[in-house]
Amino acid sequence: MATVNVNAPMCEAAEIVRVGVVLTTPPEGKDCVVTREDGHAVRYTSGKNEEAESFVFDQVETADTMQNFHHELLQPLTASISSGYNGALLICGASTEKICTLIDHSIIKQLLANLFSCMSSQVKDELFISMSFLQFYPDGSAVDLLSPSRQPLKLVTHPVLGNLVGGLCEVCVCSEEEAYTLYKTCRETLKSSADSIYKRCSSLFSLAVEWKHHPEDLEVCRSRLQLFSLAGGASRADLRGVSPLVKIVDQIPHGATTSDKFLPFLLHDALTGNNRTVLIYCINPQGLLDDETPSALALAQKVRRLITKPTVGCWHPRASEQEIRDNVMDLRTIMMSEGGDDVHNTYRLAELIQNLQIVKEQSWEKRREESKKIKFKIKKSLNSNKQLSSDHSTDCNESTDTMKSLQDQLRREVEEHIRGKILASKNRPTATTLDSVLGAFLISTEGKGSVGKVQNRVARIQQLKEAVREEALKCGVAADKSDFRQQSQLEYNIAQERRRQLKEDHGRLIQDEVEKMERDLAQEQLLTEGPQRELLILTRERQILVLQIEALRTEAQQAERDLQDQHHRHQRELQCLREESLQVFREFRQVSEEQRKMSEGRYRSILLEAVQDAIYLSAQNQQLQADNKQLHKALGELKDVLAVRGDLKEEMFSQQK
């Protein structure tokens, strides 16, 4: 729960709002002339009206001398905060990134350094500093950028602590570096979350400072620094929208309050309540719209007339808590005695319980614990975002390495398969003896019996090929194509909707300006006649034409940026498709080459086997023929021997007879 105001007055004195003006461009322009006089005044001369207007401020600087605000405006502000006063710094008119960057480095960063330096220079035994950050959309809604759960916010008025923003998260900070780092982080979050309407969103960066003069002291001194960054222009014809400061300044003289919206309520409190307030208005003297420069100067002049009532804030947490508890007990006793039917007492009891809970939430220990949780979630969120951006490249690198490893393994399997075929063919013997022929036959039978091993190797090769294909898909060769197309279509739809919304806003703005011109002319019809009326009509029509030209120029620039983005997206998609096609062709060529090598190796091995089988059969035939001849010869010799033996037996038998 963050405090906006502290109602514990000790010394009250009325002070005016101090105003500093920054001339962001060279003072000489075509449509107007703006000169800086003595560092405290601005002299404005319009191109259509030679009568000069003078505006007096507390300090006037250029973009190059913006750091000079510290001596006269900002150092007294930080010194008063260290003394127990609330301070508010309003920054308006910063419409370009260059000016925003200069303000961050020249004002915000130095202001934080001055504040922490003042607090550390004073002797304070116990010090507690916390920060919060609110973002305001053009529709009046507010978002807590330090809340991870984006819990709803509400305005609460406390009898002791004053006006509070209920549900606002605070983070404890110990140095100006930590505070500025969180400030920049929140600014980046605001820019990313607001997207196209970033320049129309306002913000509030707050630092709450609390301390005790002694550790045993029950009194707590508290002050707050509020840094408002307000979007929009001072002219109602400004294409960025009207600054919320214009509405507040117009309502203050009438005593009007707008407590239903966060930003008007907080601005009203900063400009008229318990604060010492400084306004720094950045003015572009060479603006195309003639109304912007004089309107901005007049608005800053009005703010300088506003009065605030700063007071030193101190309170006793334990005494306040005990007092509220006593009131709760007394009210409960009254309700029990009356039967509890009084609706007013019921609402009063609920209000007291809420006030008691607010006081209990101001405990330093509890806020430090909550701050640790918020810091952890913020750090985790930032790390997760960085991890998401680095995981994609890491995963792709890992997938590429895995795919290379699988391809190398596949290549080795194919080479071993081919080499095994060739070695099996070369090792088949071509002997000419019967035993050698039997050995070769056994080896050939063993080789033909290892078909299962060959099939297993071929299956492993197919598995490796599938793994390589799946790894390529995992790396995003095919998936990125679909995602890229979807992302391209989504970005196109967003750009189209942004241009349509911009065109509608410009149309409404121009229509409002036309209606305003018609009303003004109708009111002045009775006062002006003849050439003066025609001149007045031409002047108003010129303003409408200038507004239309500026609107068309803005729409054309937006369309050109969208066209360039679309062209870059198409170029990236074309490059992605080209790389994908080349990858497919490379894979197809590699697979075809591997299949060709495998087929060639298989055909060579079959041819070699056929040649070796032919040689083997020829050698076996020759051996069988030689054996047959030897058998025939041996048979002939055996017949001759038997014939000789038969003749001898016949001769012996004849002799015996």
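Modeller: Before we start, one definition: two residues are in contact when heavy atoms lie within 4.5 Å of each other. Also, keep in mind that this is a predicted model.

Biologist: Okay, then with which residues is L207 in contact, leaving aside its neighbours within four places in sequence?

Modeller: L112, L115, I129, S130, M131, V173, S223, R224 and L225.

Biologist: And what makes L207 stand out in the largest nonpolar core?

Modeller: That core has 49 residues, and L207, together with L89 and I107, touches the most other members. Helix α2 gives the core its largest share, 9 residues. Another core lies apart from it, with 43 residues, including F57, L263, L279 and L299.

Biologist: Is there a general tendency behind that, and what is it?

Modeller: In soluble globular proteins, nonpolar side chains tend to be buried together.

Biologist: Let's look at α2, then. Why is α1 called oblique to α2?

Modeller: The axes of α1 (residues 69-82) and α2 (residues 97-121) cross at roughly 40 degrees, coming within 9 Å. Angles under 35 degrees would count as roughly parallel, and 65 to 115 as roughly perpendicular. Roughly 40 fits neither, so the pair is oblique. As for handedness, α1 passes α2 in a right-handed crossing.

Biologist: Which residues meet there?

Modeller: On the α1 side they include F69, L74 and I81, and on the α2 side they include I107, L111 and M119. The contact divides into 8 nonpolar, 7 polar and no charged residues.

Biologist: How do you know that α7 and α8 are antiparallel or parallel?

Modeller: Check the angle again: the axes of α7 (residues 317-338) and α8 (residues 343-361) cross at roughly 160 degrees and come within 10 Å. Anything over 145 counts as roughly antiparallel, so α7 and α8 are roughly antiparallel to each other. Here α7 passes α8 in a left-handed crossing.

Biologist: And how do the residues of that contact divide into nonpolar, polar and charged?

Modeller: There are 11 nonpolar, 4 polar and 6 charged. Among those meeting are E321, R325 and L331 in α7, and R348, L352 and K360 in α8.

Biologist: Why is E176 called partly exposed?

Modeller: Its relative accessibility is 27%. Buried means under 20% and exposed means over 50%, so E176 falls in between and counts as partly exposed. E176 lies in helix α3 (residues 176-194).

Biologist: What does E176 touch, not counting residues up to four places away in sequence?

Modeller: L112, A113 and F116. E176 and L112 are 64 residues apart in sequence, yet their C-alpha atoms are 5.6 Å apart in space.

Biologist: What makes you call α5 mostly covered?

Modeller: Count the buried residues: 8 of the 11 in α5 (residues 262-272). They are F262, L263, F265, L266, L267, D269, A270 and L271.

Biologist: Which residues are buried in α4?

Modeller: In α4 (residues 244-251), P244, L245, V246, I248 and V249 are buried. What covers them includes α5 and α6 (292-303), along with strands such as β8 (87-92) and β16 (276-283).

Biologist: Zooming out, what does the whole protein contain in helices and strands?

Modeller: It has 13 helices and 18 strands. Of its 657 residues, 38% count as buried. And among contacts with a separation of 6 or more, residues 24 or more positions apart account for 74%.

Notes:
Residues numbered from 1 in each chain as written. Predicted model: local features only at pLDDT ≥ 70, side-chain atom pairs only at ≥ 80, totals over all residues. Heavy atoms only, no water. Axes fitted to C-alpha atoms, helices over the stretch in contact; angles between N-to-C directions. Helix = DSSP H or I, 4+ residues; strand = E, 2+ residues; numbered from the N terminus. Left-handed = near helix turned anticlockwise from the far one by under 90°. Nonpolar A, V, L, I, M, F, W, Y, C, P; charged D, E, K, R; others polar. Core = buried A, V, L, I, M, F, W, Y, C linked by side-chain atoms within 4.5 Å. Buried < 20%, exposed > 50% of the residue type's maximum accessible area, 1.4 Å probe, protein only.
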